[in-house]
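Please open the model in your viewer and keep a selection panel at hand. The tour below moves from the overall fold to single residues, naming at each stop what to select.

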Amino acid sequence: MSEQTREKIFQGVLSLAQQGVPMYEVKVQAIATAAGLGKGTLYEYFSSKEEILAATMLWCMDRELNALEEQLAACASFEEQLESSQCFVVKMLLERGSSYRVIAAALTAPQAAQELPDAARQPLEQRKERLTALIQQVIDTGRREGRVSPASSDEYCHYVLKAALLSVCAAQSCEGEAGLNRSGAYVRAMICKALA
């Protein structure tokens, strides 16, 4: 499959997601139309809608993980990495068309998770491991700077980071953009205090 055709298909799925179309209801013809391709072209590369959605999910995750990797590499300090991670989580969870939102929409229907093609299950686990490695990178930076206590286990540090970063999204949903801006600094301070 040409990379250009794949991207057209994936962009078509994202376009539908951004329009609020529930992924479990979407038809292959709608994806083809949104991608500017014929329905038959999609079936040349994928055997089902579920395969298209799974491939789109993995493509989106790769794009977002690549972006986070680049952001973290550009950060000089633990504090900067925390802020960058925070922005990433907010974007992933709140922006329409983000991979998380596409995944959530695709898995909203009953039994949708069971319909995920087996070929996508292992790659999905690999992306989760990659995200875990990026979180570990932030923790390691904090340890090198003396901001993370050597007595804190990696498991504890991962839990603190994940829970605190997700709380930013809760603040945004409760208080809007102002709550998000206000809570960001508090959450980073909370992480630093919990890991010191």
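Helices, of at least four residues, and strands, of at least two, are taken here as DSSP runs and numbered from the N terminus. On that basis the secondary structure of this protein, which is a predicted model, comes to eight helices and zero strands. If you colour the chain from the N terminus on, the elements therefore appear in the order α-α-α-α-α-α-α-α. Of the 196 residues, 44% count as buried, and among contacts between residues at least 6 apart in sequence, 66% join residues at least 24 apart.

**First stop: α1 and α2**

Select residues 3-18, which form helix α1, together with residues 28-35, which form helix α2; their axes come within 8 Å and cross at roughly 110 degrees. The two helices are therefore roughly perpendicular to each other, since angles of 65 to 115 degrees are counted that way. To see the contact itself, show the side chains of Lys8, Ile9, Gly12, Val13 and Leu16 on α1, and of Ala30, Ile31, Ala34 and Ala35 on α2. By character, the residues of this contact divide into seven nonpolar, one polar and one charged.

While α2 is still selected, pick out Thr33, which has its place in this helix. Is Thr33 buried or exposed? With a relative accessible area of 55%, Thr33 is exposed, and its C-alpha lies 10.0 Å from that of Val13, a residue 20 places away in sequence.

**Second stop: α1 and α4**

Keep α1 and add α4, residues 49-74. The axes of α1 and α4 come within 10 Å and cross at roughly 95 degrees, so that these helices, too, are roughly perpendicular to each other. On the α1 side, display Glu7, Ile9, Phe10, Gln11, Val13 and Leu14, which meet Ile52, Leu53, Ala55, Thr56, Trp59, Cys60 and Arg63 in α4. The residues of this contact divide into nine nonpolar, two polar and two charged. Ile9 and Val13 belong to the contact with α2 and also to the contact with α4.

**Third stop: the nonpolar cores**

In soluble globular proteins, nonpolar side chains tend to be buried together. In this model the largest nonpolar core has 24 residues, and those with the most contacts inside it, which make a good selection to begin with, are Phe78, Leu82, Leu161, Ile191 and Leu195. Two or more residues of this core are given by each of α4 (49-74), α5 (78-94), α7 (118-144) and α8 (154-195), and α8 supplies the largest share, ten residues. Centre the view on Leu195 and, leaving aside residues up to four places away in sequence, you will find that Leu195 touches Phe78, Arg147, Val148, Ser149, Ser152, Tyr156, Cys157 and Val160. Apart from this core lies another, of 18 residues, among them Val13, Ile31, Ala32 and Cys60.

**Last stop: the cysteines**

Finally, select the cysteines and look for bonds between their sulfur atoms: how many disulfides does the structure hold? The structure holds zero disulfides. For Cys75, the closest cysteine sulfur is in Cys87, at 9.4 Å, which is too far for a bond, because a disulfide requires two cysteine sulfur atoms within 2.5 Å. Cys75 counts as buried, at 17% relative accessibility, and Cys157, at 0%, counts as buried as well.

Definitions and conventions. Residues numbered from 1 in each chain as written. Predicted model: local features only at pLDDT ≥ 70, side-chain atom pairs only at ≥ 80, totals over all residues. Heavy atoms only, no water. Axes fitted to C-alpha atoms, helices over the stretch in contact; angles between N-to-C directions. Parallel < 35°, antiparallel > 145°, perpendicular 65-115°, else oblique. Contact = heavy atoms within 4.5 Å. Nonpolar A, V, L, I, M, F, W, Y, C, P; charged D, E, K, R; others polar. Buried < 20%, exposed > 50% of the residue type's maximum accessible area, 1.4 Å probe, protein only. Core = buried A, V, L, I, M, F, W, Y, C linked by side-chain atoms within 4.5 Å.
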